[in-house]
Amino acid sequence: MRTGEMPFVPSKNNRERTGFMDTFPMEYSGNNLGDYREGTLAVRTMGGHAGVSLTYVSHRIYDGKEPLEGLPATFGDKDVCQTLEITCEDKVLKLQVLLSYSVFADTDAIARSVRIVNGGDEAIYLTKVLSACIDMDNEDYEMMTLHGSWARERGIQIRPIMKGKQSVGSVRGESSHQEHPFVAWKRSSTTEETGEIYAMNFVYSGNFLAQMEADQFGFIRAMMGIHPDNFCWKLEAGESFQAPEVICMYSAQGIGGMTRNFHDLYRQHLIRGIYKDRKRPVLINNWEATYFDFDTQKLLEIARQASALGIEMLVMDDGWFGHRDDDNSSLGDWQVNETKVDGGLKYLVDEVNKLGMKFGIWFEPEMISPDSDLYRAHPDWAIQIPGRTASLCRNQYVLDLTRQEVRDYIYDQVAAVLRSANIEYVKWDMNRPLSDLGSYGLAADRQGELLHRQVLALYEMQERLISDFPNLLLENCSGGGARFDPGMLYYSPQIWCSDDADAIERLSIQAGTALLYPLSTMGAHVADCPNHTVGRVTPFETRGYVALAGTFGYELDVTKIPEADRNQIPEQVAMYHKYNDLVRQGDYYRIAHYAQNHYYDCYEVVAKDKSEALVTYIQVLNRPNVHSRRIHIPGLDPDRVYVIENTQDWPEMEQTQYRGDTLHYAGMNIPPIFDDFQGRLLHLRAI
Ligand code: GLA
């Protein structure tokens, strides 16, 4: 703890608070009382003062883990999970802070959260409540984060930790396309499969801050929590505030070890519901097939073709309600447009069911169009600042879900649609960030609570939905992947990964997403070509291989694609059924990434018992006059022999045999493949 070392100017006096607090490693740092590094907790008293500093009071350890009220959180039974709860106090403020740490016997994870209790006799404003802080020596660490944009989500970035503060965050009211509630720090020598890495991931879907600070003495402070911008929570005497959970992860088996720890934790201790461990139906979504231009007949034509090819569910996307023929209207009016869905929703769903297919539907419950009956009736239900013209984004406003009547109204509309027919899947979309933060439902001294209350309201609505409709398959979505975070995974076992379904772009997006999240959670479809987002033409086969690394489905007009492509669908669906248990449950290894090498991409999923593995190899760009490429395949049983199967399109590889350790340490040679954007699957079976 270095308590005997000089804190500040050369001096034997090491007892003054400013010097001591500024260097001492803090478990949960305060503010304005001598620690000049960024703090995790800040307050303003009714007297207008800041200043908070915590000391230990007591602790308890118990088996299992208590749920966090109103918030998504990991869970664990008494035999796999144990929790330490430390009570601290600021004696002047009479503010208690309960720091909670749950450890899981089956992964190297610690779930941390914080609860603040106002034990004083007057209200206090919480102006910042982060959820975790880790102070440690900077032993040559680099910082790893995820960055992106719409259609380009979650690119991996690694940079040195420089003196001062460096952070990622979101102030958009959603975890965002742009930055991700994740930060890791690894030694510069740490590789994909060796060395140490520490990480934090926030189980929350709104504003966040993830920051590394390197101080004057070479220590680092990592912190994560709700972004303090526009946050101010009034805590009345006797009330408590629960901050969301941060997952702290450690791996000594490199970045890949961290990834597999996260996958195991989320599969076992976060995702819920009947689809948690189950194969998802192969779906076809009409968005890129028709956009807003569809009717019952068109959807049934798609469904007929699709069912004959083995596709198992039709999803009707945006445009079925109000008078929505483009994105200018009708959000909030969740009544079926019977001009388009002629015959009514029940008729359509029944017809689809008769084909042996399930039916799914799209909603965007958190939004309101200015051109909607709902807005005309309740303009004050939109988030806005009185006296200012509210900002539109995709021609829509955000509904003020902090108001119970708004939540109830929207929920009842959604539930009524779901009860009107046999609907087995919902895509819950959210297509704009929040701005103009103001609520007609909140008092002046509570406007700073809007952003967090909005997220709590979303969680409440989704919890209600999955409890009322326990058999529903829920897929969250946010303009593609702007809300792909552990918070949403607590409610939906899958999330649409990105609006960019181009197979090559998806290699990066899915690699960045799978850095933390199990493949079973990544919404991935075979989409139309030329690709609607980038114009690229890729073989149908390759699109199928890349979508196999996610939930798998189609996003195209199956009645219009070339026959040669259509003919591949039954085989692709069979491939999905053959490999999905492995993909969903296995251990994921990144082998090569084309963003680094420019030419090829390769990843692998190995069964937990190491009896089989699936290697996906994508040649992004071909090169002339090259020899075979050496690929090292980790994760197999070193002592078993594996035979390569199912490479009909690759006779040179079929039935070749290697030992697991040979494949790992010596590697195997991938023969040259002609042309760009070519994919191959290698199924390795232990014999
Ligand atoms: C978002 C989604 C798309 C689609 C459209 C519909 O962009 O990500 O998949 O549902 O909305 O408007």
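In the predicted model, the ligand is surrounded by 13 residues, of which D317, D318, K427, G480 and D499 come nearest. By class, the shell around the ligand comprises six charged, three polar and four nonpolar residues. Polar contacts to oxygen atoms of the ligand are made by side chains of K427, D429 and N431. For K427, an N or O atom of the side chain is placed 2.7 Å from a ligand oxygen, while a polar side-chain atom of D429 lies 2.9 Å from an oxygen atom of the ligand and the corresponding distance for a polar side-chain atom of N431 is 3.2 Å. The ligand taken alone would expose 300 Å², and 96% of that area is buried by the protein.

Two open sheets are described next. Strands of a sheet pair through backbone hydrogen bonds, in either the parallel or the antiparallel sense. One of the sheets is built from nine strands with parallel pairing, arranged in the order 24-23-22-21-18-17-16-26-25. Its edges are occupied by strand 24 (522-523) and strand 25 (526-527), and because each of these has a single partner strand, one side of each is left without a neighbour in the sheet. The pairing of strand 24 with strand 23 (residues 494-496) is parallel and extends over two bridges; within it, I495 has M522 of strand 24 as its bridge partner. Elsewhere in this sheet, helix 4 (residues 296-309) lies across strand 16 (283-285) and strand 17 (313-316), and the helix runs at about 155 degrees to strand 17.

The other open sheet contains six strands with antiparallel pairing, in the order 27-28-29-34-31-32. Strand 27 (587-592) and strand 32 (657-659) form its edges, each with a single partner strand, so that one side of each has no neighbour in the sheet. From one strand to the next, the twist averages 25 degrees. Strand 32 is joined to strand 31 (residues 641-645) by three bridges, with the two strands running antiparallel, and the bridge partner of V643 in strand 32 is Q657. Helix 11 (residues 540-547) lies across strand 28 (600-606), strand 29 (612-619) and strand 34 (678-686) of this sheet, and its direction makes an angle of about 50 degrees with that of strand 34.

Note on methods
Residues are numbered from 1 along each chain as its sequence is written. This is a predicted model: local features need pLDDT of at least 70, side-chain atom pairs count only at pLDDT 80 or more; totals for chains, interfaces and linings use all residues. Side-chain values use heavy atoms; hydrogens and water are left out. A residue is near a molecule or strand if one of its heavy atoms lies within 4 Å of it. A polar contact is a pair of N or O atoms within 3.5 Å; within protein, one must be able to donate a hydrogen and the other to accept it, and residues adjacent in sequence count only if both atoms are side-chain atoms. Accessible areas come from the Shrake-Rupley method with a 1.4 Å probe; for residues, only the protein chains shown count as cover. Ala, Val, Leu, Ile, Met, Phe, Trp, Tyr, Cys and Pro count as nonpolar, Asp, Glu, Lys and Arg as charged, and the others, Gly among them, as polar. Two strands pair if DSSP finds at least two bridges between them. Helices (H or I, at least four residues) and strands (E, at least two) are DSSP runs, numbered from the N terminus. Contact means heavy atoms within 4.5 Å. Axes are lines fitted to C-alpha atoms, for helices over the stretch in contact, and angles run from 0 to 180 degrees between N-to-C directions.
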